Each structure stands twice: as C-alpha cells, then as structure tokens.
Amino acid sequence: MSGPPKFTQDKKKPIILEESKKRYTGRLKFFDENKNYGFIVMDDDGSDIFVHYDDLARANIEKSVLKTARYGNNIRLSFSCMSYMGKYDRSRKATEVE
C-alpha cells in the first residue's frame with residue numbers, strides 16, 4: 001500500500017519563495033573572501049541580507065575591493081531581494097547587485 005507522494009527538498013538547492021524587482025540600497029558590512037559570501041546592512045531597516053560572491057562578480061566587483069570593507073571602506077550597493085527557504089529557515093539574499 002502506498003501513501004501520498006513525499007516531497008523532499010534537494011539539500012543543495014533552496015526553495016525560492018519570492019523574487020522582488022524592487023531596488024534596495026545598503027552598505028557591505030562583511031565579506032569573507034575564503035567562503036565567498038558576506039552581508040549587506042539594508043538602509044530601509046538596518047537588517048542584514050546575505051550576498052554571494054557570484055552576484056557581486058556579475059556586477060564586476062572584485063574580491064580585492066570587497067575585502068577593504070573590513071578596514072572601514074564604505075562600499076555602497078544597490079540590489080533586489082530574493083526570499084527563500086534555506087537549509088534551516090527562511091532567509092533573504094541580495095540579487096542583481098550593482
């Protein structure tokens with residue numbers, strides 16, 4: 001006897017909940033060049049949003065520039081926001097970075 005189909009999430013791919021075309025602004029708070037990710041502090045509410053190096057590289061922002069954020073360089077960014085269900089919880093990611 002078989003039951004209802006089971007839906008499992010691929011551990012490597014998040015489930016996208018919403019992709020906004022609205023533009024946001026913020027400053028790079030932190031970037032780890034070894035792990036290829038960082039966080040942006042959003043101007044709207046001061047919350048942090050995840051950003052991956054792939055999205056920054058598409059905007060022609062090099063790692064050498066990103067790591068200057070740790071020395072106080074104020075790197076301002078414009079981006080869209082994607083909400084997704086990550087490994088453990090709902091998260092947000094910066095996309096279409098400029």
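The chain holds two helices and six strands. The model is predicted. The exercises below work through its layout, its strand pairing, its salt bridges and its surface.

**Exercise 1. Give the order of strands and helices along the chain, and state how much of the chain is buried.**

Solution.
Step 1. Read from the start of the sequence. The pattern is β-β-β-β-α-α-β-β.
Step 2. Turn to burial. The chain has 98 residues, and 34% of them are buried.
Step 3. Look at the outer surface. About 7100 Å² is exposed, and carbon and sulfur atoms supply 50% of that area.
Step 4. Check the contacts. Take those between residues at least 6 apart in sequence: 51% of them join residues at least 24 apart.

**Exercise 2. Work out which strands pair with S5, and in which direction they run.**

Solution.
Step 1. Place the strand. S5 covers residues 76-85.
Step 2. Take S1. Four bridges join S1 to S5, and the two run antiparallel. One contact point is Ile15, whose bridge partner in S5 is Met85.
Step 3. Take S2, residues 24-32. S2 and S5 are also antiparallel, with four bridges between them. Tyr24 has Phe79 of S5 as its bridge partner.
Step 4. Take S6, residues 90-95. Six bridges join S5 to S6, again antiparallel. Ser80 stands opposite Thr95, and Tyr84 has Ser91 as its bridge partner.
Step 5. Find the connection. S5 and S6 are joined by a hairpin of four residues.
Step 6. Check the cover. Eight of the 10 residues in S5 are buried, so the strand is mostly covered.

**Exercise 3. Find where the partners of the Glu96–Lys21 salt bridge lie, and explain why the pair ties together separate parts of the chain.**

Solution.
Step 1. Count first. The whole structure has seven salt bridges.
Step 2. Take this pair. The side chains of Glu96 and Lys21 meet at 3.0 Å, N to O.
Step 3. Locate both ends. Glu96 lies in the segment after S6, and Lys21 lies in the loop between S1 and S2. These parts are 75 residues apart in sequence, so the pair ties them together.
Step 4. Compare with the surface classes. Lys21 is exposed because its relative accessible area is 64%. Glu96 has 43% relative accessibility, so it counts as partly exposed.

**Exercise 4. Describe the salt bridge between Asp43 and Arg76, and classify both residues by exposure.**

Solution.
Step 1. Take the distance. The closest N and O atoms of Asp43 and Arg76 are 2.4 Å apart.
Step 2. Locate the partners. Asp43 is in the loop between S3 (37-42) and S4 (48-52), while Arg76 is in S5. The pair links distant parts of the chain, 33 residues apart.
Step 3. Classify Asp43. Its relative accessibility is 39%, so Asp43 counts as partly exposed.
Step 4. Classify Arg76. At 46% relative accessibility, Arg76 also counts as partly exposed.

**Exercise 5. Analyse the salt bridge within helix H1: is each partner buried or exposed?**

Solution.
Step 1. Identify the pair. Arg58 bridges to Asp55, with the closest N and O atoms 2.7 Å apart.
Step 2. Place the pair. Both residues lie in H1 (residues 53-58). They are three residues apart, about one turn of the helix.
Step 3. Classify Arg58. With a relative accessible area of 62%, Arg58 is exposed.
Step 4. Classify Asp55. The cut-off for buried is under 20%. Asp55 has 8%, so Asp55 is buried.
Step 5. Extend the picture. Salt bridges with shared partners join Asp55, Arg58 and Lys93 into one network.

**Exercise 6. Which residues form the nonpolar surface patch, and where is Leu17 placed?**

Solution.
Step 1. Name the members. Ile15, Leu17 and Met85 make up the patch.
Step 2. Give the area. Together they have about 230 Å² of accessible area.
Step 3. Place Leu17. This residue is in strand S1, residues 15-19.
Step 4. Classify Leu17. Its relative accessibility is 41%, so Leu17 counts as partly exposed.
Step 5. Link back to the pairing. Two patch members, Ile15 and Met85, are also bridge partners.

Conventions
Residues are numbered from 1 along each chain as its sequence is written. This is a predicted model: local features need pLDDT of at least 70, side-chain atom pairs count only at pLDDT 80 or more; totals for chains, interfaces and linings use all residues. Side-chain values use heavy atoms; hydrogens and water are left out. Patches are made of residues with over 30% relative accessible area and no salt bridge: like charges are joined within 9 Å, nonpolar side chains (Val, Leu, Ile, Met, Phe, Trp, Tyr) within 5 Å. Accessible areas come from the Shrake-Rupley method with a 1.4 Å probe; for residues, only the protein chains shown count as cover. A salt bridge is a side-chain nitrogen of Lys or Arg within 4 Å of a carboxyl oxygen of Asp or Glu. Buried means under 20% relative accessible area, exposed over 50%, partly exposed in between (1.4 Å probe, protein chains only). Two strands pair if DSSP finds at least two bridges between them. Contact means heavy atoms within 4.5 Å.
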